[in-house]
Amino acid sequence: AVTHAISGIDIALWDLLGKAVGQPTARLLGGYYRDRIKPYASILFTWPPETLRDTLQGLVESGFRAIKIGWGGFGMVDMRRDVELVSAARDTVGGDVELMVDAGGSGQFWPNDLKWATQMAGVLADIGVRWFEEPLRPDDIEGYIALRAQSPVPISSCEVLTRRQSFIPWIERHAVDIVQPDATKVGGLSEARRIAWLAYDHNVTMVSHGWNTVVGLHADLALAAALPDAKYVEFITPSPYLDDLSTEPLRLDADGCLPIPTAPGLGVTLDPDKVRRYSAGRVTRFAERRR
């Protein structure tokens, strides 16, 4: 909890520094390798498959070209149900939209083991899944090392870890293909940048975990701009904390990408009235100052 609190303070300080010197946070983190990046819509599995189809069709129509589906009972009932859901998702979005699967192995009482994960990885590879996320418990580094060696599809994990010291063995031992630090958990942008460059030095891809708010997304955009190998940011949808807190919501371009802000700081302006609305009736000091 302390590290989570430090994360918020650190992100705020990067934003303030950018505003003080009139520079975007992305430039302060190292400069722009890119001016836009592909977001993947992050949603939950639902049953029956027809309900999932409706959600996916809406996301494709709104412009997303990458979608991750997870949790929602995946891996908790039987493999036939899981395969039916992922197959229905692929049939719905077609072959041009990237599809990722998040098993949710960091959930409470995760029942599956290495054999299940290996078998499922083979199935997901046949369906054309881009990566398989959290198929094992989050502390099972030996299991992940074995799984990555056998899996035909890239393996990702580490969203629950905090501080770079926790990430070092996962990166140095190549336990995953994709490491997923969350800037709002690991110690802020300062720590996330250290983790990202450590991953880059070991040829491990870094994709930010971003199940949070519009502030967290802008932090991820700034970090993605300043990394040579960044490919995606996570975009939880629908979410009022992402869609309805800022004065100007982010919009996808014609290629399904998000522009990376160039305004000073993180490039996001919060609406104080909206902040108040989602603060459970509490009037925040921020809102009071703005009024």
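The following paragraphs describe a surface patch, the salt bridges and the internal cavities of a predicted model. Residues are numbered from 1 along each chain as its sequence is written, and side-chain values use heavy atoms, with hydrogens and water left out. Because the model is predicted, local features need pLDDT of at least 70 and side-chain atom pairs count only at pLDDT 80 or more, whereas totals for chains, interfaces and linings use all residues.

On the surface, Ile-9, Leu-13 and Leu-16 make a nonpolar patch of about 310 Å². Patches are made of residues with over 30% relative accessible area and no salt bridge, like charges being joined within 9 Å and nonpolar side chains (Val, Leu, Ile, Met, Phe, Trp, Tyr) within 5 Å; accessible areas come from the Shrake-Rupley method with a 1.4 Å probe, and for residues only the protein chains shown count as cover. Leu-16 is placed in helix H1 (residues 2-21), where helices (H or I, at least four residues) and strands (E, at least two) are DSSP runs numbered from the N terminus. With a relative accessible area of 53%, Leu-16 is exposed, on a scale in which buried means under 20%, exposed over 50% and partly exposed in between (1.4 Å probe, protein chains only).

Side chains of opposite charge can pair when their charged atoms come close. The whole structure contains 15 salt bridges, each defined as a side-chain nitrogen of Lys or Arg within 4 Å of a carboxyl oxygen of Asp or Glu. One of them joins Arg-36 to Asp-255, at 2.9 Å from N to O. Arg-36 lies in strand E1 (residues 36-44) and Asp-255 in the loop between helix H11 (240-243) and strand E9 (258-259), so this pair ties together parts that are 219 residues apart in sequence. Arg-36 is partly exposed, at 35% relative accessible area, and Asp-255 is also partly exposed, at 45%.

Another salt bridge is formed by Lys-38 and Glu-98, whose closest N and O atoms are 2.8 Å apart. Because Lys-38 belongs to strand E1 and Glu-98 to strand E3 (residues 98-102), the pair ties together parts that are 60 residues apart in sequence. Lys-38 counts as partly exposed, at 22% relative accessibility. A further salt bridge brings together the side chains of Glu-191 and Arg-164 (2.9 Å, N to O), linking helix H9 (residues 189-201) with helix H7 (residues 163-172) across 27 residues. Within this pair, Glu-191 is buried at 7% relative accessibility, whereas Arg-164 is partly exposed at 31%. In addition, Lys-68, Asp-102, Glu-133 and Glu-234 are joined into one network by salt bridges that share partners.

In the interior, the structure holds two cavities of 30 Å³ or more. On a 1 Å grid over the protein atoms alone, a cavity is a set of points where a 1.4 Å probe fits but cannot get out, and lining residues have an atom within 4 Å of a point. The largest cavity holds about 40 Å³ of space, and its lining includes Met-206, Asp-220 and Tyr-232. Helix H10 (214-225) and strand E8 (232-236) each supply at least two residues of this lining, with H10 giving the most, three residues. The second largest cavity has a volume of about 40 Å³; among its lining residues are Pro-24, His-218 and Leu-266, and the elements that give two or more residues are helix H2 (25-28) and H10.

Definitions and conventions
On a 1 Å grid over the protein atoms alone, a cavity is a set of points where a 1.4 Å probe fits but cannot get out, and a pocket is an open set with protein on both sides within 12 Å along at least five of seven lines; lining residues have an atom within 4 Å of a point. Grid points are joined across faces, edges and corners, and a volume is the space filled by probe spheres set on the points.
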